[in-house]
Amino acid sequence: MGELRSIAASFVASGPSGVAVRTRLRDLTPGDEKVLRLVGAHLGSLASKDLKARCRDGLSHSGEAWAVRKRELTPVSSSRWAGSITKASHDQWALARRCQLAYIQNLEAGIRTVEGRLSLPVEQKGTKKAPGGYRSQREWHAKSRRLRVLQDRLAAARADREAGVVHVVRGGKRLARTRHHLDAAQLTESAWRGRWEAERWFCQADGESGKRYGNETIRISPDGEVSIKLPAPLSHLANAPHGRYVLACRVAFAHRGGEWADRVVADRAIAYRIHYDAGRDRWYVTASWQLPATPTLPIEAALAHGVIGVDMNADHLAAWRLDTHGNPTGSPRHFPYALSGTAEHRDAQVRHALTRLLHWARTCGVRAIAVEDLDFAAEKTREKYGRRKRFRQLISGMPTGKLRARLSSMADQTGIAVIAVDPAYTSRWGAQHWQKPLTTTTRTTTRHDAAAVAIGRRAQGHPIRRRTTPPPHDRSDRAGHRTVQAGPGVPGREETRPRIPGPRTRSVGAGHGANAGNQNAQHRPGRSTEHGFWQQDSLPLSL
């Protein structure tokens with residue numbers, strides 16, 4: 001058996017750094033929609049040109065070049081619109097660079113796996129730690145060709161990164177490729193064109209503290225009135241002073257509306273984005289703002305009332321409540337979700353499952369939820385899992401990052417801390433030490449339930465293995481070994497109970513009898529002290 005890797009220390013996950021809430025723009029007049037379409041299309045064309053200029057600058061970009069781009073955009077929009085466009089271009093380029101690095105790391109991992117398997121003999125068995133050779137000469141030949149393809153892709157990606165070249169598609173690469181498969185997407189060319197243009201529109205503005213209602217470009221008053229500062233070429237469409245256009249509808253934010261209203265009244269910065277959903281034929285406005293950094297709750301204080309261990313799976317969350325000593329109490333709980341359909345449906349399923357989990361935690365009086373610090377970003381290559389396509393899809397479909405981020409955001413509002421633990425061996429050791437003991441005639445404990453217990457115990461600093469209850473006083477050594485959970489600082493807490501020679505009776509303690517050091521001196525059946533000078537003969541058959 002190989003050496004076990006070291007277990008990283010658990011920590012309290014930080015809360016969200018920002019808030020984004022969305023509401024629908026209802027009861028828009030045809031004139032309002034016309035103005036919004038013109039503004040979005042005009043600013044979208046400027047954003048496309050600016051992003052092209054930013055990508056052309058590459059690694060040679062500087063603050064001076066940024067200022068030049070902004071000055072060029074100001075006459076055809078406004079100073080604030082130009083600032084929002086250039087900032088969005090810079091953020092998009094930085095995101096593309098991060099994705100490029102992740103793509104290179106993914107290719108490197110796949111190449112290492114293929115090279116390792118090609119170096120092994122065909123049909124050689126693999127182990128739990130590493131895959132074996134390929135199953136046939138045909139597969140070996142196909143993978144050797146794929147290795148050359150991966151190496152070529154890696155060389156091209158590295159060359160692009162060294163030159164500062166990124167590949168960005170405004171509107172999305174997926175939607176751009178859908179143009180060539182309209183029948184499969186069940187779209188007409190005009191319907192696709194409408195979605196494509198809507199995705200490339202630009203109508204977002206960063207906030208500014210000290211300005212009226214926190215934003216001079218897109219302004220929403222406390223009573224819900226929405227007004228937009230029109231770009232210079234469209235100023236003739238204004239219906240309010242200072243080149244502004246006021247929409248006929250009123251908006252209200254149902255979620256966190258109180259926080260939004262407090263910031264608006266105090267003229268604190270709020271960023272807005274107006275966007276159009278072509279599939280639903282609806283207009284939306286999203287408000288976002290940053291949250292001040294708050295000190296993280298100490299892990300000891302978070303665990304003062306116990307913890308709920310949560311095991312994340314592809315279709316449900318398995319949770320179990322543990323007391324302060326690491327003992328599971330009550331029954332396990334499952335919170336299912338279906339990761340199918342549209343992205344909005346999947347996100348809603350995750351949100352509803354986490355809402356039920358947090359409500360249960362609040363009912364139990366627990367102030368901490370322990371989850372695994374999972375990251376499958378580098379484990380999704382098809383080279384790692386070979387022919388196991390269903391398993392690859394299972395791993396890729398688990399929204400580990402989204403679950404962790406959304407749980408931290410939602411738990412921050414309820415006062416519940418999220419503790420991230422090392423995921424090493426939690427499923428294996430949980431099933432080994434907890435699945436069978438927690439299974440009763442009326443309850444079947446799954447591996448996921450046992451893993452939830454292991455996760456909770458690791459968050460508390462306890463070992464995952466169970467403590468055995470000592471025998472009663474009238475049977476053995478007066479309960480010599482401990483029954484309660486040992487603290488993390490107790491030496492030898494993971495060791496077995498030492499074997500003390502000597503009799504174990506209620507009147508004579510271990511190691512204190514007359515024959516304490518000589519077990520053979522005690523007359524017990526089967527011991528060597530039974531002398532062999534006499535033996536009972538078998539009864540004669542003649543009697």
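How many bridges join strand 4 to strand 5? To find out in this predicted model, select residues 225-229, which form strand 5, together with strand 4 at residues 218-220. Between them there are 3 bridges, and the two strands run antiparallel. Within this pair, pick out Ile-218, which stands opposite Ile-228 of strand 5.

Next, add residues 244-250, which make up strand 6, and the open sheet of 3 strands comes into view, with the order 4-5-6 and antiparallel pairing. Strands 4 and 6 stand at the edges with a single partner strand each, so one side of each is left without a neighbour in the sheet. If you look from one strand to the next, the twist averages 20 degrees.

Now select residues 30-57, which are helix 1, and follow this helix where it lies across strand 5 and strand 6, running at about 130 degrees to strand 6.

From here, turn to the largest nonpolar core, which has 41 residues, and show Leu-25, Trp-260, Tyr-272 and Ile-274, the residues with the most contacts inside it. Helix 1 gives the most to this core, contributing 6 residues.

Centre the view on Tyr-272 and display its surroundings: leaving aside neighbours within four places in sequence, Tyr-272 is in contact with residues including Ile-218, Ile-220, Trp-260, Val-264 and Val-285. Cys-203, Gln-204, Ala-205 and Asn-215 are also among the contacts of Tyr-272.

As a last stop, select Ile-308, Ala-353, Cys-364 and Ile-416, which are among the 25 residues of another core that lies apart from the largest one.

Definitions and conventions: Residues numbered from 1 in each chain as written. Predicted model: local features only at pLDDT ≥ 70, side-chain atom pairs only at ≥ 80, totals over all residues. Heavy atoms only, no water. Pairing = 2+ DSSP bridges. Helix = DSSP H or I, 4+ residues; strand = E, 2+ residues; numbered from the N terminus. Axes fitted to C-alpha atoms, helices over the stretch in contact; angles between N-to-C directions. Contact = heavy atoms within 4.5 Å. Core = buried A, V, L, I, M, F, W, Y, C linked by side-chain atoms within 4.5 Å. Buried < 20%, exposed > 50% of the residue type's maximum accessible area, 1.4 Å probe, protein only.
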